[in-house]
Amino acid sequence: MVAGVDGSEPSLRAVDRAADEAVLRGVPLRMVYACLWERYEGAALARDIGKPTRLPLAQDVVGAAAQRALARHPGLQVSTDVVFEEPEYALVREARHASAVIVLRGSHDNQATPPVHRQVVLGVGEDAKESAAVTRFAAEEARRRGVPLEAVRAWRCPAHETTDHTARHFDGPEVRCTIALDQSDAYLTAVEERGRAAGVASLETLLRPGAIAVIGAGRTPGSVGRAVLHQLHAGGYTGRLFAVNPAAQSILGVPSYSSVSALPRTPDLAVPAAAVPAPAEECGKAGVRALLVVSAGLDADQAHALLAACRAHGMRLVGPNSLGISQTDPELRLDATFAAGHPRPGTAGVAVQSGGVGIALLDGMSRLGIGVSSFVSLGDKYDVSGNDMLQWWESDGRTDLALLHLESFGSPRAFSRTARRVTRRMPVLTVDAGRTDAGRRAAASHTAAAATRTMTRGALFTQAGITATRSVGELLETAALLHSQPLPAGSRVAIVTNAGGAGVLAADACAEAGLSLPAPTSELVDDLLAVLPDGAAVGNPVDATAAVTEEQLTECVERIMRYGGVDAVLVALVPTAVAAATGDDLVRALTGAPGRRAKPVVAVRLEQGLPVELLPAAEGGTVPSYAEPHAAARALAHAAHRAAWLARPAGTVPDLDRVETERAHAVVEDYLAAHPDGGWLEPRTCADLLALYGVPQIPWAWAETEDEAVLAADRLCGVDGRVVMKAHWPGLVHKSRQHAVHLDLRGDSRIRAAFRDLEARFAGLMTGVVLQPLADRGTELFAGVVQDQVFGPLVLLGLGGTATEVLADHAARLAPLTDHDVHDLITAPRCAPLLFGAHGNGPVDRKGLEQLLLRLSRMAADLPQLAEADFNPVLATPDGVTVLDARIRLVPSRPQDPYLRRLR
C-alpha cells in the first residue's frame with residue numbers, strides 16, 4: 001500500500017488500514033518512507049538544508065507512523081526504513097521481504113504550502129486515474145520480478161465510505177474488492193445529498209451574485225436588455241453593476257464597457273440581451289459563473305452552441321426565453337426581470353416556465369400581500385430546473401412556501417425524491433399544466449389508453465406530497481390559506497352563515513370538495529342557541545339569521561372553535577340592512593381575534609370583488625376571504641390533504657419473495673434477440689415471465705389443433721366441465737372486440753366447434769388457442785403498467801372487463817410502489833367499495849391484491865424493456881386474486897439511472 005503523508009485524516013486512515021491488514025493476516029508490518037532527493041532539494045522546507053539534515057526528518061515521519069500503528073495494535077511487529085527512490089519501486093522491492101508493506105510517499109512542492117496529498121494508492125483515491133495507473137504499474141513490476149504482491153483496494157462511495165455488501169477475491173497477485181451499489185434508499189439518499197449540496201453551491205453565483213453584467217443593453221427605450229438593466233438599477237441592487245456596449249460609456253447611469261473582458265471585475269452573472277452563443281462563449285472564457293438568457297426563438301444550432309459554451313466553462317444557465325430572476329434579500333435586492341414592478345419581499349419562492357404565468361403569480365401575490373423570497377422564470381429550462389429551485393429554497397433560510405409552474409420534467413424521479421423531502425418542511429404548490437387529451441398518445445392496450453398525461457402527472461404530484469391545482473387562480477386561493485392559517489387536523493368543517501342560501505351553497509361546495517360536515521352534538525346545539533338570536537337554526541350549516549350581531553357571531557365562532565368535533569370553520573356572510581342599521585361589521589367577528597388560531601378559519605363574502613383577499617386581523621395576522629364558496633372549499637380540501645400527507649410516515653418498498661430477476665432478464669434478452677423490434681409476447685413466454693415474479697395466474701394450456709384443444713380442455717375443466725377458449729395471433733390485443741373468445745364451453749363437440757369457428761374466421765392469422773377453466777364469479781379488475789419515457793413505469797388499477805375504457809375508473813402511481821402507494825391505488829378508484837364488500841359478497845383478498853400490484857411494480861422497475869403490461873381481467877374474490885388474461889409488450893431499451901440529472 002502507498003499513501004501520502006500530510007497529517008490529514010485520509011493519510012492517517014491509510015496507516016491505520018495497513019496496520020489492520022497486518023493484524024488481520026497475522027504478519028509483521030513494514031513501513032518505509034520513500035522520496036527522491038531532487039524533490040527534497042526543491043522543497044520549501046528543505047531550502048538551504050543539506051541531505052544529512054533531511055534524513056532525520058524523514059525518520060521522524062516514518063517513526064510517527066509506526067507509533068500510530070503500535071498504539072492501534074500494541075502487539076504488532078513493526079519495522080521502518082527511509083529510502084530515496086520512487087515509492088512504487090520501493091513497494092515492489094520491499095514486498096519481497098515482508099508480507100504487509102506500507103510505503104509513505106514523500107511529495108513536497110516548491111511552494112510554502114502543505115505537501116500535495118495523494119490518498120490511498122493501489123486503489124481509488126482523490127485522483128482515480130493516477131491511483132489506477134500506479135496500481136497497474138506496481139502489479140506489472142511485481143509480476144516481472146516474480147514478487148507476490150497483494151494490492152488492497154479502497155473504494156470511495158458517494159458522500160460516504162462503506163464496506164457493506166463487499167466481496168473480495170484473489171486475482172493472481174491482487175485482491176479485488178467489489179462493492180455493490182444497488183439503488184437502496186441509503187445509496188439514493190447519499191447520491192441525492194451530494195447532488196443537493198453541489199447544486200445549491202452552483203446556484204450561489206446565480207441567485208447571490210456579487211457583480212452583474214448586462215450585455216447588449218441599448219440606449220433606446222423598449223429593448224429587453226435596457227429594461228433588465230433599469231430593473232436592476234432602480235431596484236437598488238447592492239452589488240457591482242455593469243453594462244456591456246461598445247458604443248456607450250454609460251447607460252441609465254451604469255458604467256458601460258466595450259466587452260466582458262474589459263470589465264474591471266469578472267461578473268458572477270451575465271445577462272446577454274441578444275446574439276446569445278457568442279456572448280456566452282466570451283463570458284465563459286472570462287470566468288463568468290452563471291448566465292440569464294432572456295432571448296427567445298433560438299434555432300437548433302444556436303441552442304447547441306449555447307449549451308456547449310455553458311457546459312464547457314461550467315456556467316449555470318437560466319433560460320432561454322426567461323422573464324428573469326429576482327432575489328428580494330434586503331442585503332442584495334436583485335431584480336433582473338423585465339416585469340412591470342418589483343416583487344414584494346417575503347418568504348414565498350416562485351419558479352415558472354411561462355413568463356406570462358410568472359407575471360400573473362407575482363401580481364396576484366402582490367395583491368394578497370404575500371412577499372417573495374426568490375423568483376426564477378425558468379423559460380425553456382435548458383439547465384436550471386424546478387428541482388434546483390426546490391433544493392435552493394430548502395436551504396436558503398428564508399422560504400417557507402414554494403409555488404411552481406412546470407410544463408415539463410427532465411428528471412421526474414429525482415424531482416419526486418427532492419419534493420418528498422422539501423414538502424415535509426414547507427407547502428409546495430403547482431399548477432397542473434397540460435392536462436388535456438391533446439397530449440394523449442394513441443394507445444394499443446387498456447393500460448396505455450388509461451395512462452393519460454393527467455394521471456401520470458397526478459401520480460407524481462400525489463406521491464411527492466405536492467399540492468396540485470388546476471389554475472393560477474386556484475393556486476393563489478390555496479396559497480392564501482396556507483400562508484395565513486394553520487393546517488386542519490382533518491376534513492371536518494363547520495359552516496356558519498347569516499343567510500340560509502349562502503350556507504346551502506357553502507355546504508354543497510364542501511361536499512363536492514370531499515370535505516365532511518358533521519352534525520353538531522346536542523351539547524353544542526344548546527351552547528350555540530344560548531348566544532345566537534331567536535330564530536337561529538343550529539345544524540351544519542349554522543344559520544345565525546340576518547339578526548345576528550357582531551358580538552353574537554364572534555362568540556358563536558369561538559365556541560365552535562373550542563368544539564373538538566370539527567377541524568375548520570367556514571363563515572359565509574352577506575351584507576344585510578339589519579347589520580348596516582345597527583353598525584355591526586360581521587367581518588370583525590373574524591378579524592377581531594388573532595388571525596392565526598388553533599384551527600383554520602375562512603370567510604366567504606359573496607359580494608367581494610376579488611376572488612380572494614387576505615383580511616388584516618389582530619396581532620398582525622390575516623384571514624383569507626373568498627368570493628365563491630367553491631374556492632374556499634377547494635383551499636380547505638388542499639390543506640386537509642396536506643395535513644393527512646404529513647401525518648403519514650414515509651412509505652417503504654416491501655421486499656418480495658419468489659422473484660427471479662436474473663432469469664427474467666434472460667427471458668427478455670432472448671425474446672429481443674429473436675425480435676429486434678420488440679412486440680407482444682406470445683402466451684407461453686408471457687406466462688413464464690409472470691411466473692418469475694410470482695404473479696398468480698389461472699391454469700391454462702396452449703393448443704394448435706382441434707385434437708390438442710380437446711385434450712387440454714379435459715385436463716383443465718373443473719367439476720362442471722366448462723372451459724374458455726381464446727384465439728391468439730401476434731399483435732392481437734383486444735380479443736373481445738375481435739370476437740375471438742368462446743365462453744362456457746362444455747363437452748368435446750362444443751370445443752371442436754369453437755376451435756373450427758375461430759380457425760375459419762381468423763384463417764391465416766391465428767397461431768393457436770389458449771384454454772382455461774371457466775373462472776368463478778368475483779369482482780373483475782384491471783391492473784397494468786406502462787413505461788413512460790420521461791416519468792418511468794406507471795402502475796394502474798381500476799374496474800376491469802370490457803367496459804374498462806368506457807367507465808374510466810382508474811387510479812395510478814409511479815413505480816416503485818411503496819406500501820402507502822399500494823394502499824392508495826386500491827382505495828382511490830370509485831369501485832373501491834366493491835373490494836371491501838359493498839356488493840354483499842364479502843371483501844376481496846386485499847393482501848393478495850397488494851401483492852399483485854407490488855409484483856407488477858417490481859417487474860416494471862426491473863425491466864426497462866417492458867413497454868406495457870395489461871392484466872384484464874384480474875379476478876378478485878375473498879379467496880384470492882388471479883390474473884385471467886395478460887398481455888406484455890417488450891421494446892429494445894437501454895437501462896439508465898432514473899435518478900440521474902438529465903438536461904436538454
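**Cores and a four-stranded sheet**

Of the 56 residues in the largest nonpolar core, those touching the most other members are L206, L232, I325, M389, L390, W393 and F415. Such a core is a set of buried Ala, Val, Leu, Ile, Met, Phe, Trp, Tyr and Cys residues joined through side-chain atoms within 4.5 Å, where buried means under 20% relative accessible area (exposed is over 50%, partly exposed in between; 1.4 Å probe, protein chains only). The model is predicted, so local features need pLDDT of at least 70 and side-chain atom pairs count only at pLDDT 80 or more, while totals for chains, interfaces and linings use all residues. Residues are numbered from 1 along each chain as its sequence is written, and side-chain values use heavy atoms, with hydrogens and water left out.

With 5 residues, helix α14 (residues 453-464) gives the most to this largest core; helices (H or I, at least four residues) and strands (E, at least two) are DSSP runs numbered from the N terminus. A second, separate core has 46 residues, including A479, A480, A635 and L636.

Turning to the strands, an open sheet of 4 has the order β29-β32-β30-β31, with antiparallel pairing; two strands pair if DSSP finds at least two bridges between them. Because β29 (701-703) and β31 (741-746) stand at the edges with a single partner strand each, one side of each is left without a neighbour in the sheet. From one strand to the next, the twist averages 30 degrees. Strand β29 is joined to antiparallel β32 (residues 768-773) by 3 bridges, and A703 stands opposite V769 in β32.

Definitions and conventions:
Axes are lines fitted to C-alpha atoms, for helices over the stretch in contact, and angles run from 0 to 180 degrees between N-to-C directions.
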